[in-house]
Amino acid sequence: MNDIQINNNQLTVTITGMDKLWGFKNRLIIPLDHVSDMTIENRKQLNQDGKWRVVQFRAPGLGLPWKQVGTFYGNHKRSYLNVSGNEHILFVALTNEKYDYLFLTVTNPDELLSEYKRVKQKSIE
């Protein structure tokens with residue numbers, strides 16, 4: 001699972017439990033101005049939108065039908081996934097970062113998206 005915080009103009013993703021071991025990561029810290037898009041979708045929507053096409057090859061990480069954790073490649077893009085199940089997947093498009101996309105299962109998707117929009121709006125004003 002993922003614990004995600006938005007503060008100090010940063011998106012901080014803390015990976016918890018065994019996911020740290022499977023995905024070879026403890027934490028991702030990304031400046032909010034490197035986040036170009038953030039949506040909450042389910043796996044079916046991600047497939048329909050074509051966003052899931054960048055998830056083809058795993059290296060390194062865990063790739064089971066119900067659980068994906070780690071670095072994945074596809075369409076010349078690098079993504080970090082920590083996804084359990086098919087619902088409440090936070091899709092984050094990044095610029096000027098190691099990863100092009102993040103796919104993360106979150107427990108509070110609506111709150112997180114609202115906070116992101118509020119902070120982004122403040123930075124524009």
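What follows is a friendly conversation about a predicted model and the reasons behind some of its labels.

Colleague: Why is phenylalanine 91 called buried?

Modeller: Its relative accessible area is 4%. Buried means under 20%, so phenylalanine 91 qualifies.

Colleague: What makes the pair of phenylalanine 91 and tyrosine 101 stacked?

Modeller: Two values decide that. The ring centres are 5.4 Å apart, and rings pair if their centres lie within 6.5 Å. The planes stand at 25°, while planes under 30 degrees apart count as stacked. The pair therefore earns the label stacked.

Colleague: Which parts does that pair tie together?

Modeller: Phenylalanine 91 sits in strand S8 and tyrosine 101 in strand S9, so the contact bridges parts that are 10 residues apart in sequence. Searching the whole structure gives four aromatic pairs, and ring pairs join Trp52, Phe91, Tyr101 and Phe103 into a cluster.

Colleague: Let's turn to the sheets. Why are S1 and S3 described as standing at the edges?

Modeller: The three strands of this open sheet come in the order S1-S2-S3, with antiparallel pairing. Strand S1 (2–7) and strand S3 (27–31) each have a single partner strand, so one side of each has no neighbour in the sheet. On average, neighbouring strands here are turned by 15° against each other, direction ignored.

Colleague: How do you know that S1 and S2 pair?

Modeller: Two strands pair if there are at least two bridges between them. S1 and strand S2 (residues 10–15) have six bridges, in the antiparallel sense, so the requirement is met. One example is asparagine 7, whose bridge partner in S2 is glutamine 10.

Colleague: And what makes S4 and S8 a pair?

Modeller: The argument runs along similar lines. They share six bridges in the antiparallel sense, and at least two are needed, so S4 and S8 pair. Glutamate 41 has isoleucine 89 as its bridge partner in S8. Both strands belong to an open sheet of six strands with the order S4-S8-S9-S7-S6-S5 and mixed pairing. S4 and strand S5 (57–64) are the edge strands, each pairing on one side only. The twist in this sheet averages 15° from one strand to the next. Helix H3 lies across S4 and S8, at about 155° to S4.

Colleague: Which residues have the most contacts inside the largest nonpolar core?

Modeller: Leu11, Val35 and Leu102 do, in a core of 23 residues. At least two core residues come from each of S1, S2, S3, strand S4 (35–41), strand S8 (89–94), strand S9 (101–105) and helix H3 (109–124). H3 gives the largest share, four residues. A second, separate core has 12 residues, including Leu46, Phe72, Leu81 and Ala93.

Colleague: What is leucine 102 in contact with, leaving aside its neighbours within four places in sequence?

Modeller: Its contacts are Leu28, Ile30, Tyr80, Leu90, Phe91, Val92 and Leu94.

Colleague: One last case: why does the approach of asparagine 42 to lysine 44 fit the distance limit for a polar contact?

Modeller: A polar atom of the asparagine 42 side chain lies 3.0 Å from the backbone nitrogen of lysine 44. The limit is within 3.5 Å, so the distance fits. Asparagine 42 is in the loop between S4 and helix H2 (43–49). Leaving aside neighbours within four places in sequence, asparagine 42 is in contact with Asn86, Glu87 and Ile89.

Methods
Residues numbered from 1 in each chain as written. Predicted model: local features only at pLDDT ≥ 70, side-chain atom pairs only at ≥ 80, totals over all residues. Heavy atoms only, no water. Axes fitted to C-alpha atoms, helices over the stretch in contact; angles between N-to-C directions. Core = buried A, V, L, I, M, F, W, Y, C linked by side-chain atoms within 4.5 Å. Buried < 20%, exposed > 50% of the residue type's maximum accessible area, 1.4 Å probe, protein only. Contact = heavy atoms within 4.5 Å. Polar contact = N/O pair within 3.5 Å; in protein donor to acceptor, adjacent residues only side chain to side chain. Phe/Tyr/Trp six-rings, centres within 6.5 Å; stacked < 30°, edge-to-face > 60°.
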